[in-house]
Amino acid sequence: MVSAPVIGVLAVQGDFREHLAVLDGAGVPTRAVRRPSELEGLSGIVIPGGESTTIDKLTRIFELREPLQRLLDAGLPAYGSCAGMILLADRVVDTAPGQQTFGGLDMTVRRNAFGRQVDSFEADLDFAGIEGGPVRAVFIRAPWVEEVGAGVEVLARSPEGHAVAVRQGNLLATSFHPEITGDHRVHHLFAQMVTEYAEKARANS
């Protein structure tokens with residue numbers, strides 16, 4: 001019997017518990033990732049919202065950065081929400097001095113573009129590739145995408161027209177937090193991406 005693919009959630013800082021709860025509730029095998037050994041055997045990883053600069057620093061302190069970077073460079077599917085979007089971007093505007101990203105998404109992201117915590121808001125967004133009507137999106141100190149390369153698909157835009165959900169190959173990212181709305185269709189989309197990746201990997205092994 002073939003085991004179901006396991007999705008890791010980077011659990012050094014941020015709202016990783018909410019992502020784990022959503023995936024667990026959907027019956028997806030999960031693992032909280034805090035040490036390099038916990039990356040072994042994953043078929044996908046979620047990089048949660050939080051403080052992108054803090055997550056960057058802690059992945060280096062916990063010696064997670066280099067092994068995770070190798071996996072992402074090799075094609076491991078990843079989903080980044082809010083801070084996770086920043087960490088998957090090739091280019092970041094208004095970044096903190098010395099901050100590094102994992103990159104992989106050919107786009108330019110602006111940190112805290114929608115304002116401070118008090119400027120948080122919700123909106124219903126049309127989301128390409130997701131059926132069942134608009135996706136409820138919660139924006140909390142959220143980034144937006146200022147520019148995308150030719151290989152990046154914009155999946156959703158804010159009411160003002162800013163790109164807030166994108167995909168490039170095995171990488172998915174949103175400016176907003178679907179893990180806290182009760183609408184789990186974005187996670188289901190990512191789980192489908194991970195399943196397809198795992199199936200191809202087994203077929204080629």
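This passage describes a histidine in the first helix, the last of the helices treated here, a set of aromatic pairs and a strand hairpin in a predicted model.

His19 lies in helix 1, which comprises residues 16-25. With a relative accessible area of 0%, His19 falls under the 20% limit and is therefore classed as buried. The side chain of His19 makes a polar contact, at 3.4 Å, with the side chain of Glu179. When neighbours within four places in sequence are set aside, the residues in contact with His19 are Val9, Val46, Pro48, Gly49, Tyr79, Ser81, Glu179 and His187.

One of these contacts, His187, is also among the buried residues of helix 5, which are Arg185, Val186, His187, Leu189, Phe190, Ala191, Met193, Val194 and Ala198. Helix 5 is formed by residues 185-204, and for its 20 residues, at 1.5 Å a residue, a span of 28 Å is expected; the C-alpha atoms at its ends are 29 Å apart, in agreement with that expectation.

The count of aromatic pairs comes to three. In one of them, the ring centres of Tyr79 and Phe190 are 6.0 Å apart and the ring planes meet at 45°, so that the pair is tilted. This pair links distant parts of the chain, since Tyr79 belongs to strand 4 (residues 78-81) and Phe190 to helix 5, with 111 residues separating them in sequence. Tyr79 and Phe190 are both buried. Another aromatic pair, that of Phe121 and Phe139, is stacked, with 4.6 Å from centre to centre and 10° between the planes. Because Phe121 lies in strand 7 (residues 121-125) and Phe139 in strand 8 (residues 135-139), the pair ties together parts of the chain that are 18 residues apart in sequence. As regards accessibility, Phe121 has a relative value of 23% and so counts as partly exposed, whereas Phe139, with a relative accessible area of 1%, is buried. Ring pairs further link Phe121 and Phe139 with Phe176 into a cluster.

Strand 10 (residues 153-157) and strand 11 (residues 163-168) run antiparallel and are joined by four bridges. Within this pairing, Arg157 stands opposite Ala163 of strand 11. The hairpin that strand 10 and strand 11 form has five residues between the strands, and in this hairpin Gly161 adopts a positive phi near 100°.

Terms used: Residues numbered from 1 in each chain as written. Predicted model: local features only at pLDDT ≥ 70, side-chain atom pairs only at ≥ 80, totals over all residues. Heavy atoms only, no water. Pairing = 2+ DSSP bridges. Helix = DSSP H or I, 4+ residues; strand = E, 2+ residues; numbered from the N terminus. Buried < 20%, exposed > 50% of the residue type's maximum accessible area, 1.4 Å probe, protein only. Polar contact = N/O pair within 3.5 Å; in protein donor to acceptor, adjacent residues only side chain to side chain. Contact = heavy atoms within 4.5 Å. Expected span 1.5 Å × (residues − 1). Phe/Tyr/Trp six-rings, centres within 6.5 Å; stacked < 30°, edge-to-face > 60°.
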